[in-house]
Amino acid sequence: MRLTEAEVSAILTREINAAQGYDSDVLANKRAKALDYFYGKMAEPAEGNSAIVSTDVADAVHGLLAQLQPILKSTLIEFKPNGEQDEPQSQAEGEFVRDVLQTNDGYKVIFEAIHDALLIGNGWISVDVEESTEVKSELFPSDIPDEALYVIAQPTAQDQTVEITSSSKGIKVERKTTKKAIVIESIPPEDMLFSEGRGQSSIDKQRFVAQRKLYTKSALIEMGHSPELVDSLQDADVQYWSAVNARQ
């Protein structure tokens, strides 16, 4: 049975409202309190009490990070082969992962996730492939020889499509090149929502996992949403997001 957009929207709304970490549930408040302790942000003391705030939590987190950082940076990432025939493949995979980490500030991302794990109890890392399309157009005379047109119609880059159209102005050649890049980023735990799933330690076994993101109106329009739809949306009110406010 195929679900309608309204039915999918209703299911997502229900899952978001019931997710751990949403708005002011217990987990969100725990995250906010941990961040407040880290930043030394405490409630106003009662009259006559000292206003001095200890930063023991931040000191402990920084002390542990200082011990872990050299270990992390000196660790060699390798994939263990299942047999002799897998050795070239495992070596290639290890070199690829090390290169990706090096060129995408991967160690910094891991370091940030460990920081969140020490402070809040878990750290999240997102690894994704980001695609972008570049479009270039060229206009040629209508009487261009067939041999030249054949050469022009050939792709000049990987993952490129070429579209040729004729008009009274001449022959238009449009090249669409798709580029892919691996993106690694540390996600603040307070931006992550997940189903209750008691006893489920693996993210793969959670019924619902989502990342909360705020977009500007212009960003939503650039993503392809109609201006009319975007204008009809209510502005986000982050006052209800206690942990998000605590980090900011």
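This is a short talk on the fold, the surface and three salt bridges of one protein chain.

Good morning. Please keep in mind that this is a predicted model. I will begin with the overall layout.

The chain contains nine helices and five strands. Reading from the N terminus, the order is α-α-α-α-α-β-α-β-β-β-β-α-α-α.

Next, the dimensions. The C-alpha trace spans about 90 × 60 × 45 Å along its principal axes. The radius of gyration is 26 Å, whereas a compact globule of 248 residues would have one near 18 Å. What share of the residues is buried? Of the 248 residues, 24% count as buried.

On to contacts and surface. Take the contacts in the chain with a separation of 6 or more: residues 24 or more positions apart account for 61% of them. The exposed area of the chain is about 17900 Å², and carbon and sulfur atoms supply 52% of that area.

Now the charges. There are 24 positive and 41 negative side chains. The centres of these two sets lie 3 Å apart. Side chains of opposite charge can pair when their charged atoms come close. How many salt bridges does a search of the whole structure find? It finds six. I will go through three pairs.

The first on my list is Glu131 with Lys180, where the closest N and O atoms are 3.9 Å apart. Glu131 sits in strand E1, residues 124-140, and Lys180 in strand E3, residues 170-187, so this pair ties together parts that are 49 residues apart in sequence. Are these two residues buried or exposed? Glu131 is exposed, and so is Lys180.

Next comes Glu134, which forms a salt bridge with Lys179; here the closest N and O atoms are 3.9 Å apart. This pair also links distant parts of the chain, with Glu134 in strand E1 and Lys179 in strand E3, 45 residues apart. Glu134 has 35% relative accessibility and therefore counts as partly exposed. Lys179 is partly exposed too, with a relative accessible area of 44%.

My last pair is Glu138 and Arg175, whose side chains meet in a salt bridge at 3.5 Å, N to O. Glu138 belongs to strand E1 and Arg175 to strand E3, and the two are 37 residues apart. Why does Glu138 count as partly exposed? Because its relative accessibility is 37%, and partly exposed lies between the cut-offs of 20% and 50%. Arg175 has a relative accessible area of 11%, so Arg175 is buried.

That is all I have. Thank you.

Notes
Residues are numbered from 1 along each chain as its sequence is written. This is a predicted model: local features need pLDDT of at least 70, side-chain atom pairs count only at pLDDT 80 or more; totals for chains, interfaces and linings use all residues. Side-chain values use heavy atoms; hydrogens and water are left out. Helices (H or I, at least four residues) and strands (E, at least two) are DSSP runs, numbered from the N terminus. The radius of gyration is taken over C-alpha atoms; the globule rule is 2.2 Å times the number of residues to the power 0.38. Buried means under 20% relative accessible area, exposed over 50%, partly exposed in between (1.4 Å probe, protein chains only). Contact means heavy atoms within 4.5 Å. Accessible areas come from the Shrake-Rupley method with a 1.4 Å probe; for residues, only the protein chains shown count as cover. Lys and Arg count as positive and Asp and Glu as negative; His and the chain ends are not counted. The place of a charge is taken as NZ of Lys, CZ of Arg, CG of Asp or CD of Glu. A salt bridge is a side-chain nitrogen of Lys or Arg within 4 Å of a carboxyl oxygen of Asp or Glu.
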